[in-house]
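Hello,

Here is the structure I promised to pass on to you. Have a look at it first, and then read on for what turned up.

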Amino acid sequence: MPKWGQRSCSLRSETSKSPYRTVFLIKDNERGRSRFCEPSRIEAEGTRVLDGLKATLRHLDHAPFEKIAEEFAGAYVDLNQVHPFREGNGRSQKVFFSLIARRYGIQLNWAEISPEEHNKAAVDGSFGELGLICQHFRSIAERRSGNTVTLSYPVRQEND
């Protein structure tokens, strides 16, 4: 298993035993088609994205909070393009980014954004338009001190 994905894979093991996808993935959406990373490039692209995120985290204490939210948004879009799994990438990313943010005293309140709006932002990001996803991260990210940061993820209702 690639080193960059160990955390993400262990999170996914709770819901799925599937390995990284081995098929090329294209999803139809309201803007046309979103094409994701070639299976043979998942490890290299995932490493590249996470190295960029690590660089952002090294400068976290010195950057304006709005810039931090925008950097998280960019990394989120880039990691979404890697799309290492056939299903559950969005859910895995929300948990992954929440855990990273939590470590730095940042609360991500995912419930503030509807799944439809979040999907639209992700699709826009796949077309190089980061405005909506940056807006989302600015609106859901909140600095907190001490142990007041929780994992905020909307609970799926039975009829969803």
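What percentage of the 160 residues of the protein chain count as buried? The figure is 42%. Please keep in mind that this is a predicted model.

**The overall layout**

To get your bearings, look for 6 helices and 4 strands in the protein chain. Starting at the N terminus, the order of the elements is α-β-β-α-α-α-β-α-α-β. Among contacts in the chain with a separation of 6 or more, 70% come from residues 24 or more positions apart.

**Helices α2 and α4**

A good place to begin is the pair formed by helix α2 (residues 42–58) and helix α4 (residues 89–103), whose axes come within 12 Å and cross at roughly 25 degrees. Because of that angle, α2 counts as roughly parallel to α4. The crossing of α2 past α4 is right-handed. On the α2 side you will find Leu50, Leu53 and Leu57, which meet Phe96, Phe97 and Ile100 in α4. Sorted by class, the residues of this contact are 6 nonpolar, with no polar and no charged ones.

**Helix α3**

Next comes α3 (65–82). Its 18 residues reach 26 Å from the first C-alpha to the last, close to the 26 Å expected at 1.5 Å a residue. The buried residues of α3 include Ile68, Phe72, Tyr76, Val77, Leu79 and Asn80. What lies over the buried residues of α3? The cover includes the helices α2, α4, α5 and α6, together with the strands β3 (106–108) and β4 (141–143). Just after α3, you can spot His83 with a positive phi of about 45 degrees.

**Helices α5 and α6**

The second pair to look at is helix α5 (residues 115–126) with helix α6 (residues 131–140): their axes come within 7 Å and cross at roughly 135 degrees. The two helices are therefore oblique to each other. In this contact, Glu117, His118, Lys120, Ala121 and Asp124 in α5 meet Leu132, Ile133 and His136 in α6. By class, that gives 3 nonpolar, 2 polar and 3 charged residues.

Helix α5 itself has 12 residues, which should span 16 Å at 1.5 Å a residue, and its end C-alpha atoms are indeed 16 Å apart. Its buried residues are His118, Ala121, Ala122, Val123, Asp124 and Gly125. The cover over them includes β1 (26–29) and β2 (32–35), as well as α3, α4 and α6. Just after α5, Gly128 takes a positive phi of about 85 degrees.

**A closer look at Asp124**

One residue I would point you to is Asp124, found in helix α5. Is Asp124 buried or exposed? Its relative accessibility is 8%, so Asp124 counts as buried. Which residues does Asp124 touch, leaving aside those up to four places away in sequence? They are Arg31, Glu129 and Leu132. Leu132 also appears above, among the α6 residues that meet α5. Asp124 and Val77 are 47 residues apart in sequence, while their C-alpha atoms are 9.2 Å apart in space. Val77, for its part, is one of the buried residues of α3.

Happy browsing, and do write back with any questions.

Best wishes

Technical notes: Residues numbered from 1 in each chain as written. Predicted model: local features only at pLDDT ≥ 70, side-chain atom pairs only at ≥ 80, totals over all residues. Heavy atoms only, no water. Axes fitted to C-alpha atoms, helices over the stretch in contact; angles between N-to-C directions. Parallel < 35°, antiparallel > 145°, perpendicular 65-115°, else oblique. Left-handed = near helix turned anticlockwise from the far one by under 90°. Contact = heavy atoms within 4.5 Å. Nonpolar A, V, L, I, M, F, W, Y, C, P; charged D, E, K, R; others polar. Expected span 1.5 Å × (residues − 1). Buried < 20%, exposed > 50% of the residue type's maximum accessible area, 1.4 Å probe, protein only.
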